Amino acid sequence: MEKFSGVYIDGVWRSGSTDVITVVDPSTEVSWAQIGVATRSDVDDAVRSADNAFRTWAQVPLDRRIAIVQRFTELVREHTDELVRIRCRSMGSPITSSKTLSNSNGLLEMYLETVQQVQFGQVRSDQHGSAYIMRRPIGVVAGIVPWNVPVRNELKKIIPSLLTGNTCVLKPSPESPLTGARLMDLFAEAGLPPGVLNLVTGGADIGEALVTHPGVRKIAFTGSTATGARIAELAAPTFKRIQLELGGKSAAIVLPDANMSDVAPNLLAFGFGNSGQICASLTRVFVDRRYQEELGDLLAEGAKRHVLGPALDPSTTLGPLVSKRQQERVLGYIQQGIDEGATLRAGGVNKPRDTGWFVEPTVFLNVNNSMTIAQEEIFGPVISVIPYDTVEEAIREANNSQYGLHGAVFSEDAEYALNVAMQLETGTCAINSFDLPINAPFGGVKGSGIGRENGLEGFDSYLEYHSYKIPEGMIPQLQADSGPQYGGESNGD
Ligand code: NAD
């Protein structure tokens, strides 16, 4: 059994409570690692340490902060194999789809590039005189993340915090806590000062201790809609900023003129990728009733082509779900789809392997948008095809959802597709593909959350505006300083 510490405060590993989280490999059901769990007093110490570090870190010039993140990026590349193996053995994502981790490198590069475009200062004048408007970091950020994309989930909280001059306390998911712990060492090796980044491992109780802590100024959360609502409630009395990246039930609208052979690979990639454990998965597919069978056949063939197997086996294309609980939950939804009258075209409730928490990639046809499988987030490899008679009906029903994270529209006429996309209530929408450039702001509307990650806009909620009345004589100097640098020029150390 490999042992990890789960509490990292002020640059020092701690033993935490007497409790441990045992990490079980979802492919083999073998327990292989243990990590320590934080206490409430660890949470208090972690926030205090981050608050102390904020006083100096906020003054560190941007180019110095960038240099540390650049060094960290190199270290992530050097440690990719190790991090990928931890990910495979913690949540079952196949080793072949190392895309997620290479994407994490793309993510880091995107942050490093876009932070240089942030305008940290600006002069504005009118008949009352002039004001210098500064954007300053806000303080301690609590990053609370789920298990579905280890490394990437953590970095989406840590990096924008650090680059903008905030400090951070990370709470990883109890299902996949190990990559968060490894990242602490890599940041220390990259030269991040103690206290700027801290780790408290645990479950909902540790999450709530962070959310309610008076020293935390912002919650950067990714997870389920139910937890997001709870966090919003808990954060309200202390007026913390909340950024919530929540669940989804994203619709793909296949317009009548679309070429089904072009559409199907996109739906398969984003319906079954990561065994469907992606918030933006395209799980509701609206198709003109006349083409449902054609598309259904292509999706069923794609589902049957998948090789289910252990995450570390290079021939595996689809891994298990993260836990037995998740496997049972997803199988329950599939059974409900059958019971509510949808047509099962591929997959089903059979457990495809004796060991491991696998679910067969499943395709339902003739789904009605009011069915449970069309309304609730399944977070498993299940695609629901919903036939429509008019495009207006497809748009209306796509919007008939508590969620509004992502979407896609497919057509031979990209302009028409964009017009339809603009009628969807979602944060992002792809045209004739399933994803967007990494620097496009990402986040949801309605039950899919509040705020945006990625791109220049991804830094907005990490900065606060402060306005200062200034004498006219200071304007030229401040205008010269108003570029992206906050905190003066680097002395290079
Ligand atoms: P979850 O909400 O159960 O847990 C997420 C994190 O919140 C975990 O670290 C958990 O320990 C913590 N937590 C749980 N209860 C808490 C509480 N009361 N207070 C504070 N923290 C608490 O979600 P999950 O099952 O780990 O992840 C799956 C969900 O995440 C799905 O709904 C998925 O759509 C969503 N997700 C969203 C995005 C996005 O960008 N929108 C990305 C990935 C995953």
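In this short talk I will go through some aromatic pairs, two charges over rings, and one helix of this structure. Please keep in mind throughout that what we are looking at is a predicted model.

Let me begin with the aromatic rings, of which a search of the whole structure finds 5 pairs. A pair of aromatic rings is described by how far apart the centres lie and by the angle between the planes. For Trp-147 and Phe-379, the ring centres are 5.5 Å apart and the planes stand at 80 degrees, and because planes over 60 degrees apart count as edge-to-face, that is what we call this pair. Trp-147 belongs to the loop between strand 8 (140-144) and helix 5 (152-163), while Phe-379 belongs to the loop between helix 12 (372-375) and strand 17 (382-388), so the pair ties together parts that are 232 residues apart in sequence. Both residues, Trp-147 and Phe-379, are buried.

The pair formed by Phe-270 and Phe-434 has ring centres 4.7 Å apart and planes at 25 degrees, so this pair is stacked. Here Phe-270 sits in helix 9 (residues 260-272), and Phe-434 in the loop between strand 19 (430-431) and strand 20 (449-450), so parts that are 164 residues apart in sequence are tied together. Are these two rings buried or exposed? Phe-270 has a relative accessible area of 13% and is buried, and Phe-434, at 17%, counts as buried as well, because the cut-off for buried is under 20%.

Rings also appear here with charges over them. The charged end of Arg-89 sits over the ring of Trp-32, at 3.9 Å from the ring centre, and Arg-353 lies over the face of Phe-358, 5.4 Å from the centre of that ring.

Let me now turn to helix 11, which runs over residues 324-339. Its 16 residues, at 1.5 Å a residue, should span 22 Å, and the C-alpha atoms at its ends are indeed 22 Å apart, so the expected span and the model agree. Which residues of helix 11 are buried? They are Gln-326, Gln-327, Val-330, Leu-331, Tyr-333, Ile-334 and Gly-337. If you look down the axis of helix 11, these buried residues fall within an arc of 155 degrees, so they line one face of the helix. That buried set packs against strand 16 (362-365), helix 12 and strand 17, whereas the face of helix 11 turned away from the buried side carries the exposed residues Arg-325 and Asp-339. Finally, just after helix 11, Gly-341 takes a positive phi of about 100 degrees.

Key: Residues numbered from 1 in each chain as written. Predicted model: local features only at pLDDT ≥ 70, side-chain atom pairs only at ≥ 80, totals over all residues. Heavy atoms only, no water. Phe/Tyr/Trp six-rings, centres within 6.5 Å; stacked < 30°, edge-to-face > 60°. Helix = DSSP H or I, 4+ residues; strand = E, 2+ residues; numbered from the N terminus. Buried < 20%, exposed > 50% of the residue type's maximum accessible area, 1.4 Å probe, protein only. Lys NZ or Arg CZ within 6 Å of the ring centre and 35° of its normal. Expected span 1.5 Å × (residues − 1). Arc of directions from axis to C-beta. Contact = heavy atoms within 4.5 Å.
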